[in-house]
Amino acid sequence: MKLLAIESSCDDTAAAVVEDGRKVLSNIVASQVDAHIVYGGVVPEIASRMHTEAIHGTVSEALRQAGCTMDDVDAIAVTYAPGLIGALLIGVSFAKGLALSADKPLIPVHHLRSHIAANYITTPTLQPPFLALVVSGGHSHIVHVKDYTEFEVIGRTMDDAAGECMDKAARALGLPYPGGLNLDRAAQNGDPKAYSFPRPRVDGRAFDFSFSGLKTAAVNLIHNAAQKNEPISVADFGASYIHAVVRCLTDNTLRAAETVGETRIALAGGVSANSVLRREMTDLCRRKGLELYIPELKYCGDNAAMVGAQGYYEFLNGKQADLSLNAYATMPIDEAYF
Ligand code: KG4
Ligand code: ZN
(Lines give C-alpha, C1' and ligand atoms only; values in the text may rest on other atoms or scores of the structure.)
(Ligands and ions follow the chains in the order given, each with its own letter.)
Protein backbone atom coordinates (compact mmCIF):
# COMPACT_ATOMS: atom_id res chain seq x y z
CA MET A 1 0.00 0.00 0.00
CA LYS A 2 1.42 3.39 -1.05
CA LEU A 3 0.73 6.48 1.05
CA LEU A 4 1.33 10.05 0.00
CA ALA A 5 2.21 11.85 3.24
CA ILE A 6 2.19 15.57 4.00
CA GLU A 7 3.69 17.42 6.98
CA SER A 8 3.51 21.17 7.70
CA SER A 9 3.27 21.43 11.50
CA CYS A 10 6.10 23.94 11.98
CA ASP A 11 8.70 25.36 9.61
CA ASP A 12 9.28 22.50 7.16
CA THR A 13 7.00 21.81 4.22
CA ALA A 14 7.40 18.09 3.63
CA ALA A 15 5.93 15.39 1.41
CA ALA A 16 6.82 11.73 0.96
CA VAL A 17 5.62 8.52 -0.61
CA VAL A 18 5.93 5.51 1.70
CA GLU A 19 5.09 1.89 0.96
CA ASP A 20 3.58 -0.35 3.65
CA GLY A 21 4.72 1.96 6.42
CA ARG A 22 8.38 1.07 6.10
CA LYS A 23 9.77 1.68 2.62
CA VAL A 24 10.44 5.31 1.71
CA LEU A 25 10.04 5.87 -2.03
CA SER A 26 10.62 9.62 -1.77
CA ASN A 27 11.09 12.15 1.01
CA ILE A 28 11.13 15.88 0.20
CA VAL A 29 11.65 18.58 2.83
CA ALA A 30 11.45 22.27 1.91
CA SER A 31 13.12 24.00 4.86
CA GLN A 32 12.25 27.56 5.84
CA VAL A 33 15.37 28.14 7.95
CA ASP A 34 16.67 30.97 5.76
CA ALA A 35 13.42 32.93 6.17
CA HIS A 36 13.26 32.63 9.97
CA ILE A 37 16.97 33.03 10.76
CA VAL A 38 16.81 36.85 10.84
CA TYR A 39 14.12 36.68 13.57
CA GLY A 40 16.01 34.13 15.69
CA GLY A 41 13.06 31.71 15.68
CA VAL A 42 9.98 30.59 13.79
CA VAL A 43 7.51 33.37 12.92
CA PRO A 44 4.13 31.58 12.59
CA GLU A 45 2.65 33.92 9.96
CA ILE A 46 5.73 33.61 7.75
CA ALA A 47 5.68 29.83 8.20
CA SER A 48 2.04 29.63 7.04
CA ARG A 49 2.68 31.79 4.00
CA MET A 50 5.74 29.81 3.00
CA HIS A 51 3.88 26.50 3.37
CA THR A 52 1.24 27.86 1.00
CA GLU A 53 3.92 28.73 -1.54
CA ALA A 54 5.87 25.47 -1.22
CA ILE A 55 3.26 22.78 -0.75
CA HIS A 56 2.24 22.17 -4.34
CA GLY A 57 5.84 21.91 -5.59
CA THR A 58 6.87 19.74 -2.63
CA VAL A 59 4.06 17.24 -3.13
CA SER A 60 4.63 17.13 -6.92
CA GLU A 61 8.32 16.48 -6.37
CA ALA A 62 7.60 13.69 -3.87
CA LEU A 63 5.34 11.97 -6.40
CA ARG A 64 7.86 12.51 -9.22
CA GLN A 65 10.81 11.10 -7.24
CA ALA A 66 8.73 8.08 -6.20
CA GLY A 67 7.85 7.50 -9.86
CA CYS A 68 4.14 7.79 -9.00
CA THR A 69 1.06 9.65 -10.11
CA MET A 70 -1.99 10.11 -7.89
CA ASP A 71 -3.40 6.96 -9.52
CA ASP A 72 -0.65 4.90 -7.87
CA VAL A 73 -1.35 6.35 -4.41
CA ASP A 74 -3.74 4.38 -2.17
CA ALA A 75 -4.32 7.02 0.53
CA ILE A 76 -3.20 10.42 1.77
CA ALA A 77 -1.78 10.85 5.27
CA VAL A 78 -1.46 14.29 6.82
CA THR A 79 -0.24 15.77 10.11
CA TYR A 80 -3.29 17.40 11.72
CA ALA A 81 -2.03 18.00 15.32
CA PRO A 82 -0.24 19.27 17.35
CA GLY A 83 1.69 22.23 15.94
CA LEU A 84 1.33 25.79 14.71
CA ILE A 85 -2.32 26.03 13.79
CA GLY A 86 -1.89 28.17 10.68
CA ALA A 87 0.93 25.95 9.44
CA LEU A 88 -1.01 22.73 10.09
CA LEU A 89 -4.04 24.10 8.25
CA ILE A 90 -2.08 24.45 5.01
CA GLY A 91 -1.15 20.77 4.96
CA VAL A 92 -4.60 19.64 6.11
CA SER A 93 -6.43 21.80 3.53
CA PHE A 94 -4.14 20.66 0.72
CA ALA A 95 -4.54 17.00 1.71
CA LYS A 96 -8.33 17.38 1.87
CA GLY A 97 -8.38 18.92 -1.59
CA LEU A 98 -6.24 16.09 -2.98
CA ALA A 99 -8.33 13.42 -1.26
CA LEU A 100 -11.50 14.92 -2.73
CA SER A 101 -10.19 15.41 -6.25
CA ALA A 102 -8.39 12.04 -6.46
CA ASP A 103 -11.05 10.18 -4.45
CA LYS A 104 -8.57 8.71 -1.94
CA PRO A 105 -8.93 7.96 1.76
CA LEU A 106 -7.64 10.70 4.09
CA ILE A 107 -5.67 9.63 7.18
CA PRO A 108 -5.06 12.12 10.02
CA VAL A 109 -1.73 11.58 11.78
CA HIS A 110 -0.61 12.86 15.19
CA HIS A 111 2.77 14.58 14.90
CA LEU A 112 4.40 12.91 17.91
CA ARG A 113 3.13 9.49 16.88
CA SER A 114 4.84 10.04 13.54
CA HIS A 115 8.12 11.04 15.24
CA ILE A 116 8.03 7.65 17.01
CA ALA A 117 7.25 5.93 13.69
CA ALA A 118 10.48 7.34 12.21
CA ASN A 119 12.04 4.38 13.99
CA TYR A 120 10.03 1.91 11.87
CA ILE A 121 11.74 3.31 8.78
CA THR A 122 15.26 3.15 10.21
CA THR A 123 14.68 -0.26 11.81
CA PRO A 124 12.20 -2.17 9.61
CA THR A 125 12.08 -5.06 12.11
CA LEU A 126 11.03 -2.88 15.06
CA GLN A 127 7.55 -3.59 16.40
CA PRO A 128 5.77 -2.40 19.54
CA PRO A 129 5.82 -2.70 22.48
CA PHE A 130 8.74 -0.48 23.45
CA LEU A 131 9.44 2.68 25.41
CA ALA A 132 9.95 5.94 23.51
CA LEU A 133 11.65 9.14 24.61
CA VAL A 134 9.93 11.79 22.48
CA VAL A 135 11.85 15.06 22.55
CA SER A 136 10.97 17.88 20.17
CA GLY A 137 10.73 21.65 20.20
CA GLY A 138 7.41 21.65 22.02
CA HIS A 139 7.23 18.28 23.81
CA SER A 140 9.24 16.03 26.10
CA HIS A 141 7.47 12.78 26.81
CA ILE A 142 8.32 9.28 27.90
CA VAL A 143 5.77 7.16 26.09
CA HIS A 144 4.95 3.50 26.47
CA VAL A 145 4.23 2.42 22.89
CA LYS A 146 1.98 -0.55 23.60
CA ASP A 147 0.95 -1.00 19.99
CA TYR A 148 1.20 1.00 16.75
CA THR A 149 -1.78 3.11 17.73
CA GLU A 150 -1.86 2.58 21.48
CA PHE A 151 0.19 4.92 23.65
CA GLU A 152 0.52 5.70 27.31
CA VAL A 153 2.38 8.80 28.44
CA ILE A 154 4.25 7.86 31.59
CA GLY A 155 6.46 10.93 31.88
CA ARG A 156 6.19 14.50 30.66
CA THR A 157 7.70 17.90 31.18
CA MET A 158 6.10 20.09 33.81
CA ASP A 159 7.23 23.25 32.00
CA ASP A 160 9.57 23.68 29.01
CA ALA A 161 10.41 21.07 26.40
CA ALA A 162 13.99 19.84 25.99
CA GLY A 163 14.22 21.36 22.49
CA GLU A 164 12.97 24.73 23.70
CA CYS A 165 15.52 24.58 26.50
CA MET A 166 18.32 23.98 23.97
CA ASP A 167 17.03 26.77 21.72
CA LYS A 168 16.80 29.36 24.54
CA ALA A 169 20.35 28.70 25.76
CA ALA A 170 21.68 28.84 22.20
CA ARG A 171 19.99 32.16 21.67
CA ALA A 172 21.36 33.58 24.93
CA LEU A 173 24.83 32.49 23.80
CA GLY A 174 24.33 34.41 20.57
CA LEU A 175 24.10 31.35 18.34
CA PRO A 176 21.83 31.60 15.30
CA TYR A 177 18.54 29.76 14.77
CA PRO A 178 18.11 26.77 14.65
CA GLY A 179 19.51 26.92 18.17
CA GLY A 180 19.59 23.25 19.23
CA LEU A 181 21.54 22.17 16.19
CA ASN A 182 24.01 25.06 16.41
CA LEU A 183 24.52 24.52 20.14
CA ASP A 184 25.27 20.85 19.48
CA ARG A 185 27.83 21.82 16.83
CA ALA A 186 29.44 24.58 18.92
CA ALA A 187 29.78 22.21 21.91
CA GLN A 188 31.53 19.40 20.06
CA ASN A 189 34.96 20.00 21.62
CA GLY A 190 33.76 21.59 24.84
CA ASP A 191 34.41 20.42 28.40
CA PRO A 192 31.12 19.14 29.90
CA LYS A 193 32.48 19.68 33.43
CA ALA A 194 33.49 23.32 32.94
CA TYR A 195 30.19 24.81 34.19
CA SER A 196 27.86 23.37 36.79
CA PHE A 197 24.10 23.30 36.40
CA PRO A 198 21.32 22.22 38.75
CA ARG A 199 19.99 18.68 38.46
CA PRO A 200 16.23 19.27 38.42
CA ARG A 201 13.87 16.58 39.67
CA VAL A 202 10.11 16.69 40.02
CA ASP A 203 9.16 15.73 43.59
CA GLY A 204 7.41 12.39 43.76
CA ARG A 205 7.27 12.03 39.97
CA ALA A 206 10.23 9.92 38.91
CA PHE A 207 9.57 10.09 35.16
CA ASP A 208 8.59 13.75 34.76
CA PHE A 209 10.93 16.53 33.66
CA SER A 210 11.36 20.16 34.63
CA PHE A 211 13.66 22.16 32.42
CA SER A 212 12.72 25.75 33.22
CA GLY A 213 15.15 26.00 36.17
CA LEU A 214 17.99 24.75 34.00
CA LYS A 215 17.11 27.22 31.28
CA THR A 216 16.91 30.13 33.73
CA ALA A 217 20.24 29.11 35.33
CA ALA A 218 21.87 29.19 31.89
CA VAL A 219 20.42 32.55 30.92
CA ASN A 220 21.39 34.07 34.32
CA LEU A 221 24.95 32.74 34.06
CA ILE A 222 25.32 34.27 30.60
CA HIS A 223 23.84 37.62 31.64
CA ASN A 224 25.92 37.82 34.82
CA ALA A 225 29.09 37.10 32.87
CA ALA A 226 28.16 39.79 30.33
CA GLN A 227 27.57 42.34 33.11
CA LYS A 228 30.96 41.59 34.64
CA ASN A 229 32.60 41.55 31.22
CA GLU A 230 33.73 37.98 31.81
CA PRO A 231 34.17 35.82 28.72
CA ILE A 232 32.07 32.67 28.32
CA SER A 233 33.44 29.72 26.42
CA VAL A 234 30.58 28.80 24.13
CA ALA A 235 32.02 25.31 23.59
CA ASP A 236 32.46 24.57 27.32
CA PHE A 237 29.19 26.21 28.32
CA GLY A 238 27.31 24.40 25.55
CA ALA A 239 28.85 21.04 26.42
CA SER A 240 28.06 21.45 30.15
CA TYR A 241 24.51 22.56 29.48
CA ILE A 242 23.75 19.82 26.94
CA HIS A 243 25.07 17.25 29.40
CA ALA A 244 22.79 18.60 32.11
CA VAL A 245 19.73 18.35 29.83
CA VAL A 246 20.72 14.94 28.51
CA ARG A 247 21.29 13.58 32.01
CA CYS A 248 17.67 14.40 32.92
CA LEU A 249 16.46 12.67 29.77
CA THR A 250 18.56 9.53 30.17
CA ASP A 251 18.01 9.15 33.95
CA ASN A 252 14.23 9.29 33.69
CA THR A 253 14.01 7.14 30.58
CA LEU A 254 16.11 4.33 32.04
CA ARG A 255 14.19 4.49 35.31
CA ALA A 256 10.91 4.30 33.38
CA ALA A 257 12.13 1.35 31.27
CA GLU A 258 13.00 -0.56 34.40
CA THR A 259 9.68 0.25 36.06
CA VAL A 260 7.46 -0.74 33.11
CA GLY A 261 9.71 -3.69 32.29
CA GLU A 262 10.61 -2.68 28.74
CA THR A 263 14.04 -3.67 27.46
CA ARG A 264 13.68 -1.77 24.20
CA ILE A 265 13.95 2.00 24.01
CA ALA A 266 13.46 4.28 20.99
CA LEU A 267 14.42 7.94 20.65
CA ALA A 268 12.19 10.28 18.68
CA GLY A 269 11.79 13.97 17.77
CA GLY A 270 14.16 16.75 16.72
CA VAL A 271 16.31 16.53 19.86
CA SER A 272 17.06 12.86 19.10
CA ALA A 273 19.50 14.33 16.54
CA ASN A 274 21.62 15.59 19.44
CA SER A 275 25.02 13.95 19.35
CA VAL A 276 25.40 13.76 23.16
CA LEU A 277 21.97 12.22 23.67
CA ARG A 278 22.65 9.61 20.97
CA ARG A 279 26.07 8.77 22.41
CA GLU A 280 25.05 8.70 26.09
CA MET A 281 21.95 6.62 25.43
CA THR A 282 23.96 4.18 23.32
CA ASP A 283 26.56 3.74 26.10
CA LEU A 284 24.00 3.44 28.89
CA CYS A 285 21.81 0.96 27.01
CA ARG A 286 24.80 -1.17 26.07
CA ARG A 287 25.91 -1.28 29.72
CA LYS A 288 22.43 -2.17 30.96
CA GLY A 289 21.74 -4.73 28.24
CA LEU A 290 18.89 -2.69 26.72
CA GLU A 291 18.17 -2.43 23.00
CA LEU A 292 18.26 1.12 21.66
CA TYR A 293 16.64 2.41 18.47
CA ILE A 294 17.54 5.81 17.05
CA PRO A 295 16.15 7.28 13.82
CA GLU A 296 18.58 8.11 11.04
CA LEU A 297 19.44 11.81 11.27
CA LYS A 298 17.27 12.73 8.27
CA TYR A 299 14.22 11.27 10.05
CA CYS A 300 14.83 12.97 13.43
CA GLY A 301 13.61 16.44 12.46
CA ASP A 302 10.25 17.09 10.85
CA ASN A 303 9.68 15.09 7.65
CA ALA A 304 6.78 13.43 5.88
CA ALA A 305 8.25 9.93 5.57
CA MET A 306 7.49 9.38 9.27
CA VAL A 307 3.91 10.57 8.64
CA GLY A 308 3.60 7.94 5.92
CA ALA A 309 4.94 5.31 8.32
CA GLN A 310 2.50 6.10 11.15
CA GLY A 311 -0.33 6.81 8.68
CA TYR A 312 -0.10 3.24 7.41
CA TYR A 313 -0.71 1.81 10.89
CA GLU A 314 -3.48 4.34 11.62
CA PHE A 315 -5.18 3.23 8.39
CA LEU A 316 -4.83 -0.46 9.29
CA ASN A 317 -6.48 0.45 12.60
CA GLY A 318 -9.43 1.98 10.73
CA LYS A 319 -8.62 5.65 11.21
CA GLN A 320 -9.94 7.73 8.37
CA ALA A 321 -11.21 11.29 8.20
CA ASP A 322 -13.76 12.98 6.00
CA LEU A 323 -13.61 16.50 4.63
CA SER A 324 -14.60 17.97 7.98
CA LEU A 325 -11.08 17.19 9.28
CA ASN A 326 -9.66 20.13 11.21
CA ALA A 327 -6.19 20.98 12.52
CA TYR A 328 -5.46 21.31 16.26
CA ALA A 329 -2.65 23.21 17.94
CA THR A 330 -2.67 20.82 20.89
CA MET A 331 -3.64 17.17 21.10
CA PRO A 332 -2.53 14.48 23.57
CA ILE A 333 -0.74 11.57 21.93
CA ASP A 334 -2.78 9.01 23.85
CA GLU A 335 -6.21 10.47 23.13
CA ALA A 336 -5.83 11.45 19.48
CA TYR A 337 -9.22 12.19 17.95
CA PHE A 338 -10.33 14.16 14.94
O1 KG4 B 1 10.75 17.57 16.10
P2 KG4 B 1 11.27 18.89 15.70
O3 KG4 B 1 12.07 18.98 14.43
O4 KG4 B 1 10.10 19.92 15.60
C5 KG4 B 1 9.08 19.91 16.52
O6 KG4 B 1 8.17 19.06 16.37
O7 KG4 B 1 9.17 20.71 17.48
O8 KG4 B 1 12.15 19.41 16.92
C9 KG4 B 1 12.75 20.66 16.87
C10 KG4 B 1 13.64 20.80 18.08
C11 KG4 B 1 14.18 22.22 18.20
O12 KG4 B 1 13.98 22.69 19.51
C13 KG4 B 1 15.64 22.04 17.87
O14 KG4 B 1 16.47 22.97 18.49
C15 KG4 B 1 15.91 20.64 18.36
O16 KG4 B 1 14.76 19.93 18.00
N17 KG4 B 1 17.12 20.07 17.75
C18 KG4 B 1 18.22 19.78 18.45
C19 KG4 B 1 19.16 19.26 17.51
N20 KG4 B 1 18.59 19.28 16.28
C21 KG4 B 1 17.33 19.78 16.45
N22 KG4 B 1 18.50 19.89 19.76
C23 KG4 B 1 19.70 19.50 20.15
N24 KG4 B 1 20.67 19.01 19.33
C25 KG4 B 1 20.43 18.88 18.01
N26 KG4 B 1 21.38 18.39 17.20
ZN1 ZN C 1 8.45 17.57 15.15
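A salt bridge, as the term is used here, is a side-chain nitrogen of Lys or Arg within 4 Å of a carboxyl oxygen of Asp or Glu. With that in hand, welcome to this structure, which is a predicted model.

## Salt bridges

Side chains of opposite charge can pair when their charged atoms come close. In this model, the count of salt bridges comes to 10. Three of them, including the pair K146 and E152, are set out below.

| Salt bridge | N to O distance |
|---|---|
| K146 and E152 | 2.7 Å |
| R64 and E61 | 2.8 Å |
| E314 and K319 | 3.9 Å |

Let us take these pairs in turn. K146 has a relative accessible area of 34%, so K146 is classed as partly exposed. Its partner E152, at 35% relative accessibility, also falls in the partly exposed class.

Where do R64 and E61 lie? Both are in helix α2, 3 residues apart, which is about one turn of the helix. R64 counts as exposed because its relative accessibility is 57%, whereas E61, with a relative accessible area of 24%, is partly exposed.

Are E314 and K319 buried or exposed? Both residues are buried. Their pairing also belongs to something wider: R113, E314 and K319 are linked in a network of salt bridges.

## A buried charge without a salt bridge

Now turn to E262, in the loop between α8 (234-260) and β9 (264-268). This residue is buried yet has no salt bridge. Which side chain of opposite charge is nearest to E262? The nearest is R264, at 5.2 Å. A salt bridge needs the nitrogen and the carboxyl oxygen to be within 4 Å, so the 5.2 Å between E262 and R264 does not qualify.

E262 does have a polar partner, though: its side chain and that of H144 are joined by a polar contact of 2.9 Å. H144 also appears among the residues that E262 touches beyond its neighbours within four places in sequence; the others are P129, F130, L131, A257 and L290.

## A nonpolar patch at the surface

Finally, look at the outside of the model. I37, V38 and Y39 make a nonpolar surface patch of about 310 Å². One of these residues, Y39, sits in the loop between α1 (33-36) and α2 (44-66). Why does Y39 count as partly exposed? Its relative accessibility is 47%, and the partly exposed class lies between under 20% for buried and over 50% for exposed.

Note on methods:
Residues numbered from 1 in each chain as written. Chains lettered and ligands numbered in written order. Predicted model: local features only at pLDDT ≥ 70, side-chain atom pairs only at ≥ 80, totals over all residues. Heavy atoms only, no water. Patch = residues over 30% accessible without salt bridge, like charges linked within 9 Å, V, L, I, M, F, W, Y side chains within 5 Å. Areas by Shrake-Rupley, 256 points an atom, 1.4 Å probe, with all protein chains shown as cover. Helix = DSSP H or I, 4+ residues; strand = E, 2+ residues; numbered from the N terminus. Buried < 20%, exposed > 50% of the residue type's maximum accessible area, 1.4 Å probe, protein only. Lys, Arg positive; Asp, Glu negative; His and termini not counted. Polar contact = N/O pair within 3.5 Å; in protein donor to acceptor, adjacent residues only side chain to side chain. Contact = heavy atoms within 4.5 Å.
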